[in-house]
Amino acid sequence: LEEKGLQEISVANELSKLNEVRVNFLGKKGPITEVLRGMRDLSKEERPKVGEFANKVRDNLTSKLEERKEELAQAALNKKLAEEAVDVTLPGTPMKQGQPHVIQQIIDNLEDLFLGMGYQVVEGPEVELDRYNFEMLNLPKDHPARDMQDTFYITDEVLMRSQTSPVQARTMEKHDFSKGPLKMISPGVVYRRDTDDATHSHQFHQIEGLVIDKNITMGDLKGTLVTLAKELFGDRFEVRLRPSYFPFTEPSVEADVTCFNCMGKGCSVCKSTGWIEVLGAGMVHPNVLKMAGVDTDVYGGFAFGLGPDRFAMLRYGVDDIRNFYLNDVRFLSQFNKRG
Ligand code: FA5
C-alpha cells in the first residue's frame, strides 16, 4: 500500500491529481483510516504494532505528498516565469510622439533668438485691468483709438487683454533703471471681438518686445525687426515698414511681409495687396514712459507687437488661420520637427 501510494504521488503531475491521491490514501474512506478504525477488533498485543506501523505509513505518505506539492508549485512558477519573460532583443512598438503646437514652435524660436540678444522673457495676465491694457498706454477712457481693438470687457475696469502691450507697462513700472536698461519680450494669448476669417481670429497670439535705454533710435528698431524676419523667413521674403498710428508709440510703423500665397502678385489671402501685415511697432511715446515713472530726459525706447499666428501662416504657407485652432492632429502633425 505504501509503495503504491508513493508511486502515485511521484507520477501526479498536477496539484488536482495530487489531491486525488491524498483523498484516496489518507481520506476518511481511505485504507489507512480503515486500518486505524479496525484496531479495536485487534488483540492488545497486536494493537500497538499495527498502530505504529499504520501511523508510520501515514506520516511517510503525508510528508511525500507535501514534498511533491512543493515541487509542483515550483514547477508551475518556473513555467509562468518562462512564459512571461521579456525578450529584450525584440524590436519595440513605435510610440507616437507629441510635439509643441506649431505656433508654440514659432514662439520658442523667437524666445531663443531674443534671449540670445540679452532680452528677458516676461509673462502677464490674460484677464487684465483697463488701466494696463489701455490707460497706461496713453489711451484714456474716451480715446477714439480704443475702437482699433474691439475688446471683450468683463466689467468696466476688467477685460480680456486685447494686446500684449500691458506687459510693457507692468514691467516698466517695476524696472530699476539704476541697474541697467530694460530689454524684454512677452509672448501670450490675446482676445478681440474680431470676426473670424482667413487672417483673423478672435483669440490669437502676440509677442511684445520692448527696449528702454539711453540713445535708442529708430535705426535700432529697424535692425531688430529685420533680424527677426530673417530668422524666421530667411531671405525669400521682403519686409516693408509702413508709417502707421498707435497711441503708445510715436512715430509708429507697421511691418508687412511678402504674401506667401502669391509672392507679392495679389490674391484673396492678402486681399490683393501682395503683402501680409505681421506686426506693429514704434518709438515708445513719452506719455507712456512718464506714466510708468521713467525719466524721459535720460531714457527712450522702441516697442513692437507681432502676431506669431500670421508668422506661422507665412512660414508654412497655411492659407487659413482657423486651421491652427481646430486641433486636427492630421494638420498639426505636419509640423512635427522630430519627423
Ligand atoms: C497691436 O496690438 C499693438 N499692441 C502692437 C504694437 C506693440 C505696436 C508695441 C507698437 C508698439 P495690432 O492691432 O496691429 O497692434 O496687432 C499686432 C499684430 O497682431 C498684427 O500685426 C497681426 O499680426 C496680429 N493680429 C492682430 N489682429 C489679429 C487677429 N484678429 N488675428 C490674428 N492676428 C492678429
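Colleague: Which polar backbone atom lies 3.2 Å from an oxygen atom of the ligand?

Modeller: That atom belongs to Leu279, and the pair counts as a polar contact because such a contact is a pair of N or O atoms within 3.5 Å (within protein, one must be able to donate a hydrogen and the other to accept it, and residues adjacent in sequence count only if both atoms are side-chain atoms). The protein covers 96% of the 680 Å² of accessible area that the ligand has on its own, areas coming from the Shrake-Rupley method with a 1.4 Å probe and, for residues, only the protein chains shown counting as cover. This is a predicted model, in which local features need pLDDT of at least 70 and side-chain atom pairs count only at pLDDT 80 or more, while totals for chains, interfaces and linings use all residues. Residues are numbered from 1 along each chain as its sequence is written, and side-chain values use heavy atoms, with hydrogens and water left out.

Colleague: What makes Asp194 a polar partner of the ligand?

Modeller: A polar side-chain atom of Asp194 lies 2.8 Å from a nitrogen atom of the ligand, and a backbone N or O atom of Ser201 lies 3.0 Å from a ligand nitrogen atom.

Colleague: How do you know that the span of helix H8 agrees with its number of residues?

Modeller: Helices (H or I, at least four residues) and strands (E, at least two) are DSSP runs, numbered from the N terminus, and the expected span of a helix is 1.5 Å times one less than its number of residues. The 16 residues of H8 (218-233) should therefore span 22 Å, and its end C-alpha atoms are indeed 22 Å apart.

Colleague: Which residues of H8 are called buried, and what puts them on the same side?

Modeller: Buried means under 20% relative accessible area, exposed over 50% and partly exposed in between (1.4 Å probe, protein chains only); in H8, Leu221, Thr224, Leu225, Leu228, Ala229, Leu232 and Phe233 are buried. They cover an arc of only 140° around the axis, which puts them on the same side of H8, the arc being that of the directions from the helix axis to the C-beta atoms.

Colleague: Why is Gln334 called exposed?

Modeller: Gln334 has a relative accessible area of 54%, and is therefore exposed. Its side chain nevertheless reaches the backbone oxygen of Phe331 at 2.9 Å.

Colleague: Why does Glu45 count as exposed?

Modeller: Glu45, found in the loop between helix H3 (31-37) and helix H4 (46-84), counts as exposed because its relative accessibility is 58%.
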